[in-house]
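Please look through the sequence and the model below, and then follow the explanation, which goes from spaces inside the protein to the strands around them.

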Amino acid sequence: MLALAVITVVGCPKPKPHGVWTNVIDMSSALRAPVAAPSSTTTALLARNQCIKVSKQVAQYTDVGVGWFLDSIGYAHGFYNDGTWHTVDVPGAFTTALFGLDQYWNMVGFFNYSSGSPFYGLFYNPVDNSFVQIDAAADIYGAESTYFMDISADNVSGFYYDTEGLEHGLIYQISTGICSALDMPSKKATELRGINPDYIVGNYANYANYNDPKVHGCLYNRNTGLWTTVDVPDTYNTWPTRVNGSNIIGYYGSLDEYYYRGFIHSIVTGNWTKLDIPGAGDVLPQYINNGYVIGYYADLSGNTYGFVFPLPPGFS
């Protein structure tokens, strides 16, 4: 495995990828108010933010969640919820999914036009009901499907597939409309997920390498350009999904546990906190913001619901 140097930058904590489990947070109370799209048994809540509107020179903030759900015949639709459910479908699309949003109601995700056809990055704003289709192939030779996962200021993080079916990280700059590839060096495949002003998180894999079959988490320092492996201790696969401040959130797979479970990892201390819903199936945290964990879980009957859980003091 490539040894990656890490240096300290003012305002950007030094990552400590190795740490210990220090706490377990029981999120069972989230089951009292599951997030479910009307008439759907599969709802994935992927992000939530406080979105701003200005009325008569007064700023008003609304909690808005985004994600996707399956209808009664199994088709996927995007949604946002600002206290009311709104289905989001790209006109003429077969599948639409929303994965991230900023405070200005800008939402990102992906869609395709038919079963088995390539996906395109999606930039959507419900204020003016505008849809923008982004194809990484316009800027990156060999890119096939494009997936947008998160948004921070002028940048969108995500990934694309090449002609061999391998994933590569990408950054889309909104102001220029240009996609750029960003891969962890010497790795076979990279997916970028969450982004903030200092960091990007995601995962990588060395496919066809029998000495390293795991899916690893990774952290990219936007100030230094350096990469760090971020793996949950003593587990098989790690999927970081978002980074907020100095906390990384995501989920992992373990040979000792049948279902996926969530985690929060502190870049500053290197410590890990397990996020669990005892008695549930997979628990898949996706977002951490304003003192809440947002994500989705499966019950033992295979139904999937979103959750919003308030974190104890000390997390952001």
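By class, how many residues in the lining of the largest cavity are nonpolar, how many are polar and how many are charged? Before turning to that, keep in mind that what you see is a predicted model. The lining of the largest cavity has one nonpolar residue, together with four polar and two charged residues. If you want to find them in the structure, look for R48, N49, Q50, D63, N289, N290 and I294, which line this cavity. Strand β2, which covers residues 43–55, gives the largest share of that lining, namely three residues. The space in the largest cavity comes to about 40 Å³, and the count of cavities of 30 Å³ or more is two.

From the cavities we can move on to the pockets. The largest pocket has a volume of about 350 Å³. Its lining is made up of 20 residues, and among these N49, L101, D102, I151 and Y287 are the closest to the centre of the pocket. N49 is therefore a useful residue to locate, because a residue counts as lining a space when it has an atom within 4 Å of a point of that space, and N49 appears both in the lining of the largest cavity and in that of the largest pocket. Divided by class, the pocket lining holds nine nonpolar, eight polar and three charged residues. Several strands take part in this lining, since β2, β10 (146–152), β18 (237–244) and β22 (283–289) each supply at least two of its residues.

One of these strands, β10, leads us to β11, with which it pairs in the antiparallel sense over six bridges. Within this pairing, Y147 stands opposite F159 of β11. The two strands form a hairpin with two residues between them, and in the turn A153 has a positive phi of about 55 degrees.

On to the next partner: strand β11 is also joined to strand β12 (residues 167–173), and these two run antiparallel with seven bridges between them. Here V156 stands opposite Y172 in β12. Another hairpin results, formed by β11 and β12 with five residues between them, and G165 in its turn has a positive phi of about 80 degrees.

Why can strand β11 be described as largely enclosed by the rest of the structure? Of the seven residues of this strand, residues 155–161, six are buried, so the rest of the structure largely encloses it. A residue is called buried here when its relative accessible area is under 20%.

How values were computed:
Residues numbered from 1 in each chain as written. Predicted model: local features only at pLDDT ≥ 70, side-chain atom pairs only at ≥ 80, totals over all residues. Heavy atoms only, no water. 1 Å grid on protein atoms, 1.4 Å probe; cavity = no way out; pocket = protein on both sides within 12 Å on 5 of 7 lines; lining within 4 Å. Points joined across faces, edges and corners; volume = space filled by probe spheres on them. Helix = DSSP H or I, 4+ residues; strand = E, 2+ residues; numbered from the N terminus. Nonpolar A, V, L, I, M, F, W, Y, C, P; charged D, E, K, R; others polar. Buried < 20%, exposed > 50% of the residue type's maximum accessible area, 1.4 Å probe, protein only. Pairing = 2+ DSSP bridges.
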